[in-house]
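Thanks for coming. I have one structure to show today, and I will go through it piece by piece.

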Amino acid sequence: MTTERQQLRFWLIGLGFLVVALWLLSNILLPFVAGMAIAYLLDPLVDRLEALRLPRWAGTTLVLLFFLLMLVLFVLLLVPLVQGQVTHLVEVLPQYATVVRERTLPALDRLLHRLPPADVERLRAAAGNYAGDMAGWIATLVTRILSSGLAIFDVLTLVFITPVVAFYLMRDWDVMVAKVDSWLPRRNIATIREQAREVDATLSGFVRGQATVCVVLGLFYALALSAAGLDFGLVIGLVSGLLSFVPYVGTLFGFVASTGLALLQFDEFWRVGLVVGIFLFGQAIEGNVLTPKLVGDKVGLHAVWVMFALLAGGSLFGFVGVLLAVPVAAVIGVLTRFALGRYLSSGYYQGQTPEP
């Protein structure tokens, strides 16, 4: 009969093998992880259709086709708008450069005239070195992106393989869950099932709720900034909504980008204040209405923990790590709360010596 120490060693070794396998195969996992994410999000809809006596394969086909249709329509509607704003950016970029030069160069000249010549030379040398380093960093970043995440082969595999993976996973989801359940150690099966349900509630509550928050904020920022007359307000608003999956990051990006553009575009300060007010209002709505109602505090994923998980996952595994970051964070959070609860009810915390 295996002891608890032996079981712990067994599962830790298995976890180590899993992490190593993910790291070695991270370059080919993107369509499979994306397909698994889609299947997880859409499986409740398939279950509802199955409850209406629709065959599982038919319900999976209908749900997946509807999802892909909505995605294609969104892209077809969005691409012309974004293309028009990019074209406009190319047209007005020289004007913005002129405005920046007219507003910053005089102040910079006044500052340089107040400094000793030796300090000026050191600043120029440092600026030249930093400019070279920045150019090299940008070139390296672009090279990595083109050679990994956005390579044509990766895009093709993402487009064609992900729907196939999502279809088969959704069709066989209940069978796979039952099969994994049959592999669980019988002595701890009740505890494992309870923690699995907690992980599922945490993950589904956060992902579905935060995704809804992103959509609402993206539409609000895009429409409000466009109505305020801000150039590229549509793109900034949509990107801000997308980045809002990481708490506060989307609002911060949108606030800085839109305020900077407003200062360059508008001569009236009340219009700049209007842009600032849009983001202050959006942040207030997100913090007091959207997040409490759609996400809630019960999911147990703190904003700092989510940001750390996303950055750590992206650093270790790239875009695949970003996709896996929130599920892994949810699992770690649930297991940590479970371990803490066991500790608080044990003699290690109570100070009681366990009876032999």
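Let me begin with one pair of side chains, R56 and D174, which form a salt bridge with an N to O distance of 3.3 Å. R56 belongs to helix α3, residues 56-114, and D174 to helix α6, residues 173-183, so this pair ties together parts that are 118 residues apart in sequence. Before I go on, please keep in mind that this is a predicted model.

Are the two partners buried or exposed? R56 has a relative accessibility of 11%, and because the cut-off for buried is under 20%, R56 counts as buried. D174, at 36% relative accessibility, counts as partly exposed.

R56 has another partner. Its side chain also meets that of E50 in a salt bridge, at 2.9 Å from N to O. E50 is at 33% relative accessibility, so E50 counts as partly exposed.

The general idea is familiar: side chains of opposite charge can pair when their charged atoms come close.

How many salt bridges does the structure hold? There are six. One of them joins D172 and R171, where the closest N and O atoms are 3.1 Å apart. Here D172 is partly exposed, with a relative accessible area of 25%. R171 is partly exposed too, at 32%. Which residues are joined into one network by salt bridges that share partners? They are D43, D47, E50, R56 and D174.

Now the overall layout. The protein chain has 13 helices and zero strands. Read along the sequence, then, the pattern is α-α-α-α-α-α-α-α-α-α-α-α-α. The chain has 356 residues, and 29% of them count as buried.

Next, how some of these helices pack. Two packed helices are described by the angle between their axes and the distance between the axes. I will take two pairs, with α7 in each.

In one pair, helix α7, residues 189-227, packs with helix α10, residues 269-295. The angle is about 155°, and the axes are 10 Å apart. Why do we call this pair roughly antiparallel? Angles over 145 degrees count as roughly antiparallel, and therefore α7 and α10 fall in that class. The crossing of α7 and α10 is right-handed.

In the other pair, α7 meets helix α8, residues 233-243. The axes of α7 and α8 come within 7 Å and cross at roughly 160°. By that cut-off, α7 and α8 are therefore also roughly antiparallel to each other. Which hand does this crossing have? α7 passes α8 in a right-handed crossing.

Last, the surface. Which residues form a nonpolar patch there? The patch consists of F32, L156, L158, V159, F160 and I161. Together they have about 540 Å² of accessible area. Helix α5, residues 152-171, gives the largest share of this patch, with five residues. F32 is placed in helix α2, residues 30-51. With a relative accessible area of 41%, F32 is partly exposed.

To recap the salt bridges: R56 pairs with E50 and also with D174. R56 itself is buried, whereas E50 and D174 are partly exposed. For the helix packing, α7 is roughly antiparallel to α10 and roughly antiparallel to α8. The nonpolar patch on the surface draws its largest share from α5.

That is what I have. I will take questions now.

Note on methods
Residues numbered from 1 in each chain as written. Predicted model: local features only at pLDDT ≥ 70, side-chain atom pairs only at ≥ 80, totals over all residues. Heavy atoms only, no water. Patch = residues over 30% accessible without salt bridge, like charges linked within 9 Å, V, L, I, M, F, W, Y side chains within 5 Å. Areas by Shrake-Rupley, 256 points an atom, 1.4 Å probe, with all protein chains shown as cover. Salt bridge = Lys/Arg side-chain N within 4 Å of Asp/Glu carboxyl O. Helix = DSSP H or I, 4+ residues; strand = E, 2+ residues; numbered from the N terminus. Buried < 20%, exposed > 50% of the residue type's maximum accessible area, 1.4 Å probe, protein only. Axes fitted to C-alpha atoms, helices over the stretch in contact; angles between N-to-C directions. Parallel < 35°, antiparallel > 145°, perpendicular 65-115°, else oblique. Left-handed = near helix turned anticlockwise from the far one by under 90°.
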